[in-house]
Amino acid sequence: LAPAHGAPRATRAGASDRPTTAARARGAMAPSRPTTARRRRPVQPHRATETTTLIDSSDDAPSTSAGVTDVRVRTLRDERDIPRVATLCSAVFKETAVPLPKDLADDDVMRDVAAFFETRYESAMIRDLTGITTRNLREKRRCENQTRAEYGRTKARATARELAALQRTRTSVDQLTTAQLREMRARITDEVELELDRERRAPTADYLRRSRSRRWMQLVADAVVPGGVATGLVSTPNGYGPPAPGTREIVGSATLQACVPDAPLPPPFPTSRPYRSYLANVAVCPEARRVGVASAIIAKAERVSRLWGFREMWLHVNVDNPGARALYEGLGYAIVGEDPPWYLDRRYLMVRKFGSGGDVVP
């Protein structure tokens with residue numbers, strides 16, 4: 001499960017209606033399976049930049065989302081939403097489970113052991129995802145505040161120089177005409193832009209750190225789901241009651257960040273390749289699948305990538321997940337690489353390049 005530079009190894013999730021032995025296919029778009037005793041593979045603890053690509057679009061998967069309406073994708077800004085996103089993702093990612101063999105599934109002791117580890121696995125994932133998302137969100141806010149403060153200081157210095165020039169000529173601001181005030185404002189703006197351009201051309205380590213931290217975003221999809229969303233409510237599985245009609249609930253999420261998904265070696269090995277826009281951790285609850293939630297999340301991520309200045313967006317898909325691959329290819333993504341043979345879960349690296357109008361570049 002060794003991650004690439006900012007583009008960690010993807011865990012498995014979800015499956016279509018194929019046999020359980022094919023549950024290796026990752027995904028958040030397949031129908032949920034009956035709860036059975038399962039054997040878990042060990043999962044490495046998540047680090048602050050680790051993410052996972054999880055989408056499944058099996059065309060033969062029946063829709064379980066009748067009546068889902070008003071799907072909207074937004075940016076997560078309220079930390080109170082983080083626990084709900086973490087529990088939703090952990091419930092979807094838990095579909096990576098490999099069922100116990102039949103000769104062990106009939107053993108009561110083995111079923112109890114599997115249920116114990118399943119609970120510990122889910123709890124650990126919830127804790128890790130909550131901590132990672134909270135840290136990244138707070139770091140992004142802190143870097144944005146630092147950037148705004150630096151911009152304010154630069155503008156204040158330029159304004160002070162203009163006022164000093166007026167004092168040398170014994171001229172008051174009140175004596176300036178509207179045209180002169182506009183010229184002074186234009187000179188201040190030009191000086192600020194020149195200072196920012198110099199910083200971009202010769203970036204410091206602090207500038208690069210702030211830039212990377214600001215290029216992180218947790219996307220959340222919410223919708224009105226008849227009967228409510230029970231997926232991920234691990235703390236209240238028995239006392240859950242459907243919400244009031246018309247209540248919006250979180251039905252999916254994804255992580256967009258700047259990283260190096262095509263690095264030949266995972267961190268901490270250095271790489272000279274540029275940072276790219278990378279989408280990961282896409283999860284959709286079973287109650288809202290097959291209604292375009294994943295496509296809406298991807299479309300939102302592509303718009304944000306263009307606003308960040310990127311001309312392409314990258315993602316990973318498991319080699320043994322043809323449904324997800326078909327979804328990506330239908331959206332214009334093309335395979336540009338593949339994980340080395342020694343990787344446990346081999347993936348295709350896919351990219352979509354944008355034209356001037358957001359079209360795919362052949």
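**Warm-up: the whole chain**

Task: work out how much accessible surface the protein has, and what share of it belongs to carbon and sulfur atoms.

Solution. The accessible surface comes to about 18,800 Å², using the Shrake-Rupley method with a 1.4 Å probe. Of that surface, 55% belongs to carbon and sulfur atoms. Before going on, note that this is a predicted model, where local features need pLDDT of at least 70, side-chain atom pairs count only at pLDDT 80 or more, and totals for chains, interfaces and linings use all residues. Residues are numbered from 1 along each chain as its sequence is written, and side-chain values use heavy atoms, with hydrogens and water left out.

Next, count the elements: there are 7 helices and 9 strands. These are DSSP runs numbered from the N terminus, with helices being H or I of at least four residues and strands E of at least two. Then look at burial: 45% of the 362 residues are buried. Buried means under 20% relative accessible area, exposed means over 50%, and partly exposed is in between (1.4 Å probe, protein chains only).

**Exercise 1: helix α5**

Task: find which residues of α5 are buried, and say what they pack against.

Solution. Start with the list: in α5 (residues 205-214), Y207, R210 and S213 are buried. Now look down the axis of α5: the buried residues fall within an arc of 135 degrees, so they line one face of the helix. That arc is taken from the directions from the helix axis to the C-beta atoms. Here's the background: an α-helix has 3.6 residues a turn, so residues three or four places apart point the same way. Last step, the neighbours: the buried residues of α5 pack against α3 (108-168), α4 (178-201) and β4 (216-224).

**Exercise 2: following the strands from β5 to β9**

Task: trace how β5, β6, β7, β9 and β8 pair up, and give the direction of each pairing.

Solution. Two strands pair if DSSP finds at least two bridges between them.

1. Begin at β5 (residues 248-259), which is joined to β6 by 7 bridges and runs antiparallel to it. G252 stands opposite V284 in β6.
2. Check the cover on β6 (residues 276-284): 9 of its 9 residues are buried.
3. Step to β7 (residues 312-318), which runs parallel to β6 with 2 bridges. S277 has M313 in β7 as its bridge partner.
4. Look at what links up here: β6, helix α6 (residues 293-307) and β7 make a right-handed β-α-β unit. Right-handed means that, with the strands pointing away from the viewer, the path from the first strand over the helix to the second runs clockwise.
5. Move on to β9 (residues 347-353), joined to β7 by 7 antiparallel bridges. H316 stands opposite L349 in β9, and 6 of the 7 residues in β9 are buried.
6. Finish at β8 (residues 334-338), which pairs with β9 in the antiparallel sense over 4 bridges. E338 has Y348 in β9 as its bridge partner.

**Exercise 3: aromatic pairs**

Task: find the aromatic pairs, then decide whether W342 is buried or exposed.

Solution. Rings of Phe, Tyr and Trp (its six-membered ring) pair if their centres lie within 6.5 Å; planes under 30 degrees apart are stacked, over 60 edge-to-face, and the rest tilted. That gives 2 aromatic pairs.

- Y328 and Y333 sit edge-to-face, 6.0 Å centre to centre with 65 degrees between the planes. Y328 counts as buried at 1% relative accessibility, and Y333 counts as buried at 3%.
- W342 and Y343 are also edge-to-face, 6.4 Å centre to centre with 65 degrees between the planes. W342 counts as exposed at 66% relative accessibility, while Y343 is buried at 14%.

Notes. Contact = heavy atoms within 4.5 Å.
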